Amino acid sequence: MHGKILVCEIEIKDIRTELTYWKNAVMCYVLGVHPPFAVLNGFIQRMWAKHRINKISMLKNRIVLVRFDIEMGENEMLQGGIYRFDNKPFIVKAWDPNMEFNREELYSVPIWVKLLGLDFKYWSPKGLSKIGSLIGKPLMVDHQIEKNIGLNFARLLIEVDIDGPLSKKIMFKNERGNLVELKVQYDWKPILCKCSNKYGHNEEACRRKKTKTQQKKIGDQANKVAKGRRARRRQEIT
C-alpha cells in the first residue's frame, strides 16, 4: 500500500521476455512533422526491406518502433548515416528499455560526428568515448573504425540536445599532458524554423510562411480591387 493506493512490485524477471523481444529494435521519427502511420510504414518497408524487418509499431507522439529478426539489422540501420523523409531528417535511435517516450525524448538527436585530425592511436573505444563526451553522449563508432578501414578521421554517433550549441572545436589533454585541439564536423545540424517554431526545415521551406505570404498577396489584391471600386464610385458621383 502507498497511502490508500494498492501497489505491486515489478521485477526484472517479470519483463525479461519483452526486453529480449525488443532488444533488436530501433525507434524512428521525422523531425518537425508527423506523417500518418501508413505513410511511414511504407517508407520504412521500402528503405529497409532487405534487413529482415519483423514488426513495425506506432507509439505515442508519432514514434515508430521497428523490430528486426537479428541484431545485425539494427546495427546496419544505425550505421546507415543520414536518412531523410520528404527532405526532413528521419531520426533513428537504438531502443533503450530505460527510455520514456515523452516529448523531451524527441529533442535529443543522434548525429554522426567527424573528429578531424585525431591521431588514430586515440581511436580506442575508451579514448573516443571520452573525447566524444565533450560534444554529447557517445553511442557508437563507425564500423570502418572498428575494422581499422580508412584512417583519415574518426567518426562516431553522438546524441546531442537538439537546441544545444554544437562545438566547432574541442580540446583534450593527451598522455603527455599536452592540450590537443580538434576540429569537429557534423553530418547535419538541426534546423529551427523561426516562423513555425519547428525543427526540420528553414524559413524558406516553411509551408506556414508560404501560406501566410499567399494569404497576404490575396488580401493585398482584394484591397487593391476594393480601392479601385471606391475610386470609380467617387468619379461616378462627381
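Start by selecting strand β3, residues 64-68. Look at the side chains in this predicted model: V64, V66 and F68 point one way from β3, while L65 and R67 point the other way. Buried or exposed, what are these residues? Both sets are buried, and the strand as a whole is mostly covered, with five of its five residues buried.

Next, bring in the neighbours of β3. Select β1, which runs antiparallel to β3 and is joined to it by four bridges. To see one of these pairings, pick V26 and its bridge partner in β3, V66. Then add strand β2, residues 53-58. β2 and β3 also run antiparallel, with five bridges between them. Here you can click on S57, whose bridge partner in β3 is L65.

Now follow the chain through the hairpin of β2 and β3, where five residues lie between the strands. Stop at N61, which takes a positive phi near 60°.

Move on to helix α3, residues 71-78. Which residues of α3 are buried? They are G73, E74, M77 and L78. Turn the view to look along the helix: these residues cover an arc of only 130° around the axis, so they sit on the same side of α3. In an α-helix there are 3.6 residues a turn, so residues three or four places apart point the same way.

Time to go inside. Of the 34 residues in the largest nonpolar core, select V109, I111, V113, L115, L118, L128 and I135, the ones that touch the most other members. Then colour the elements that give two or more residues to this core: β1 (25-30), β6 (108-116), α4 (125-132), β8 (154-161), β9 (169-173) and β10 (179-186). Where does this core lie with respect to domain 1 (12-101) and domain 2 (106-192)? Both domains give residues to the core, so it lies between them.

Zoom in on L115 and leave aside its neighbours within four places in sequence. Its contacts include L128, I131, I135, F153, L156 and V184. For comparison, show the second, separate core, which has 21 residues and includes C28, V66, V92 and W112. V66 is the β3 residue that you paired with V26 earlier.

Finish with two cysteines. C28 is buried, with a relative accessible area of 0%, whereas C8 counts as exposed at 62% relative accessibility. How many disulfides does the model have? The count comes to zero, taking a disulfide as a pair of cysteine sulfur atoms within 2.5 Å.

Conventions: Residues are numbered from 1 along each chain as its sequence is written. This is a predicted model: local features need pLDDT of at least 70, side-chain atom pairs count only at pLDDT 80 or more; totals for chains, interfaces and linings use all residues. Side-chain values use heavy atoms; hydrogens and water are left out. Buried means under 20% relative accessible area, exposed over 50%, partly exposed in between (1.4 Å probe, protein chains only). The arc is that of the directions from the helix axis to the C-beta atoms. A nonpolar core is a set of buried Ala, Val, Leu, Ile, Met, Phe, Trp, Tyr and Cys residues joined through side-chain atoms within 4.5 Å. Domain bounds come from an automatic or database domain assignment. Contact means heavy atoms within 4.5 Å. Two strands pair if DSSP finds at least two bridges between them.
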